[in-house]
Amino acid sequence: MTQTQQPLTATPAGTPHPRDTEPTPEHTAPAPTGSTTLAGGQPYEYRRRPLVEPDWTRFPGWRDITREQWESAQWQRVNCVKNVKQLRRVLGDLVDDTFYADLVEDQNALATMSMLVPPQMLNTMVPDTTPSTGTFYADPIRRYMIPVASDRRTDWPSHPYATRDSLHEHDMWVAEGLTHRYPTKVLAELLSTCPQYCGHCTRMDLVGNSTPAVDKLKLTLKPVDRYDAHVNYLKAHPGVRDVVVSGGDVANVPWRNLESYLMRLLEIETIRDIRLATKALMGLPQHWLQPDVVEGLERVARTAARRGVNLAIHTHVNHVQSLTPLVARAAQTALEVGVRDVRNQGVLMRGVNATAPALLDLCFGLQGEAGILPYYFYMCDMIPNAEHWRVPVWYAEQLQHDMMGYLPGYATPRIVCDVPFVGKRWVHMVTEYDRERGISYWTKNYRTSIEATDDAALTRRYAYYDPIDTLPGAGQKWWAEQERADA
């Protein structure tokens with residue numbers, strides 16, 4: 001890497017991106033760290049950072065909140081920030097009207113997710129000091145949990161091939177909420193709500209409240225009927241051995257209902273892996289520390305162990321700031337009651353975590369301080385109004401390279417591209433790559449549930465697209481011409 005090569009960074013909407021003159025594929029890609037070190041130094045220097053719970057009383061709206069209140073799941077849920085008025089109540093005059101107007105503009109026209117931020121998550125924004133307008137704008141957690149209009153690009157806010165169900169999960173439903181994409185695995189969406197809504201949510205077509213930009217789909221069956229349909233399908237398809245139980249977020253399923261569902265899965269002899277997907281382990285750890293939840297999780301874990309089923313929790317942490325002692329306690333409690341693993345699946349996003357130091361800081365915090373195994377980092381999916389977050393494939397490949405050798409092998413996460421109609425692929429598995437136009441091609445070795453009679457499924461090449469603003473000038477010109485031709 002030369003000293004003139006710079007990292008891929010978030011840029012103000014409507015301004016030219018510094019990667020407009022990025023080298024073509026036959027040249028060496030710039031290293032994402034974008035940093036140089038003194039002779040004999042390392043590109044990344046590890047330093048242990050013990051976890052700290054930020055002082056929530058630095059926010060005017062929480063000055064009188066006690067620790068007992070803060071550690072109450074009920075208080076956290078009741079006091080979630082759902083709109084600009086409630087955010088003002090918490091922040092007071094720390095953030096000026098410019099930011100609030102920016103947020104209103106986004107909520108009224110661009111946001112694909114409604115606003116829902118637990119106090120726990122808001123408290124990890126600008127964690128070390130009292131926030132100001134500038135520091136709040138710049139905060140990485142804020143960038144994806146409370147997006148504003150000026151975050152988003154105006155030249156290419158959405159890729160021409162972006163869709164609201166970018167992974168076609170709904171197309172692959174074999175029962176309401178049950179996606180059968182991989183031969184031996186299914187995704188079970190039990191509900192369509194979460195304790196918090198992330199701006200980049202890949203299930204933005206179903207999850208959360210409708211926004212002016214997206215009229216959400218709705219689950220129509222009663223939960224008991226939906227669960228029955230899932231169980232009946234799994235009993236009838238013994239080739240499925242792995243169930244990812246998700247939503248939404250399983251933390252929003254009443255515990256007795258979730259426990260009943262899990263116990264029914266454990267009665268199916270062919271099910272050998274169950275993974276509970278919950279961002280709430282980080283965003284609302286108080287939920288996973290409630291006595292009834294802990295006791296119920298222990299009953300499920302003991303039953304799973306007795307029947308030889310691997311029970312794991314998958315959470316979603318994108319930045320090291322989100323890791324606090326409460327998060328570590330929730331993860332450790334799950335392990336103590338018998339959950340086999342707690343793993344992390346983050347999303348790679350510009351302006352949030354898309355540098356090697358940011359990812360390594362997060363992974364060392366997860367593995368070394370919170371007891372959570374770094375597992376995957378997904379490239380941000382091709383959903384509407386998300387181009388300011390997405391990174392190109394070549395950049396993700398370089399990030400994977402730059403992370404290697406620092407973490408223990410078992411705790412080194414894989415960066416994956418979730419290719420439409422294909423599924424997760426390690427970023428280095430690309431079959432062909434047109435760097436100028438930002439089109440990568442991928443192959444697969446199995447049929448999804450909608451391709452049973454598709455003879456070409458195993459030989460077809462499937463396309464994935466880089467964000468256009470990261471392409472060289474010729475590539476951007478080509479896409480602009482395609483857009484004009486399609487107009």
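User: Two strands pair if DSSP finds at least two bridges between them. The model here is predicted. How many bridges join strand 12 to strand 13?

Analyst: Strand 12 covers residues 439–442. It runs antiparallel to strand 13. One bridge partnership is that of Ser 440 with Tyr 464 in strand 13. Pairing needs at least two bridges, and the count joining strand 12 to strand 13 is four.

User: Which strands stand at the edges of the open sheet with the order 11-12-13?

Analyst: The sheet has three strands and antiparallel pairing. An edge strand here has a single partner, so one of its sides is left without a neighbour in the sheet. That describes strand 11 (432–434) and strand 13 (462–465).

User: What is the average twist from one strand to the next in that sheet?

Analyst: The sheet is open, with the order 11-12-13. From one strand to the next, its twist averages 20 degrees.

User: Turn to strand 6 and strand 7. In which sense do they pair, parallel or antiparallel?

Analyst: Strands of a sheet pair through backbone hydrogen bonds, in one sense or the other. Four bridges link strand 6 and strand 7. Among the bridge partners are Ala 312 and, in strand 7, Asp 341. The sense is parallel.

User: Which helix joins strand 6 and strand 7 in a β-α-β unit?

Analyst: The unit is right-handed. Its helix spans residues 325–336 and is helix 13.

User: What is the handedness of the crossover from strand 7 to strand 8?

Analyst: Strand 7 and strand 8 (residues 373–379) pair in the parallel sense over six bridges. Asn 344 has Pro 374 of strand 8 as its bridge partner. The chain passes through helix 14 (residues 356–370) on the way, and this β-α-β crossover is right-handed.

User: Why is strand 7 described as largely enclosed by the rest of the structure?

Analyst: Strand 7 covers residues 341–348. Buried means under 20% relative accessible area. The strand is largely enclosed because the buried residues number seven of the eight.

User: Is Thr 315 buried or exposed?

Analyst: Thr 315 lies in strand 6 (residues 310–315). Beyond its neighbours within four places in sequence, its contacts include Arg 343, Asn 344, Gln 345 and Ile 372. Its relative accessibility is 2%. The cut-off is under 20%, so Thr 315 counts as buried.

User: Which residue's backbone oxygen does the side chain of Thr 315 reach?

Analyst: The contacts of Thr 315 also include Lys 279, Leu 281 and Met 282. The side chain of Thr 315 comes to 2.9 Å from a backbone oxygen, that of Thr 278.

Key. Residues numbered from 1 in each chain as written. Predicted model: local features only at pLDDT ≥ 70, side-chain atom pairs only at ≥ 80, totals over all residues. Heavy atoms only, no water. Helix = DSSP H or I, 4+ residues; strand = E, 2+ residues; numbered from the N terminus. Buried < 20%, exposed > 50% of the residue type's maximum accessible area, 1.4 Å probe, protein only. Polar contact = N/O pair within 3.5 Å; in protein donor to acceptor, adjacent residues only side chain to side chain. Contact = heavy atoms within 4.5 Å. Right-handed = clockwise from strand over helix to strand, strands pointing away. Axes fitted to C-alpha atoms, helices over the stretch in contact; angles between N-to-C directions.
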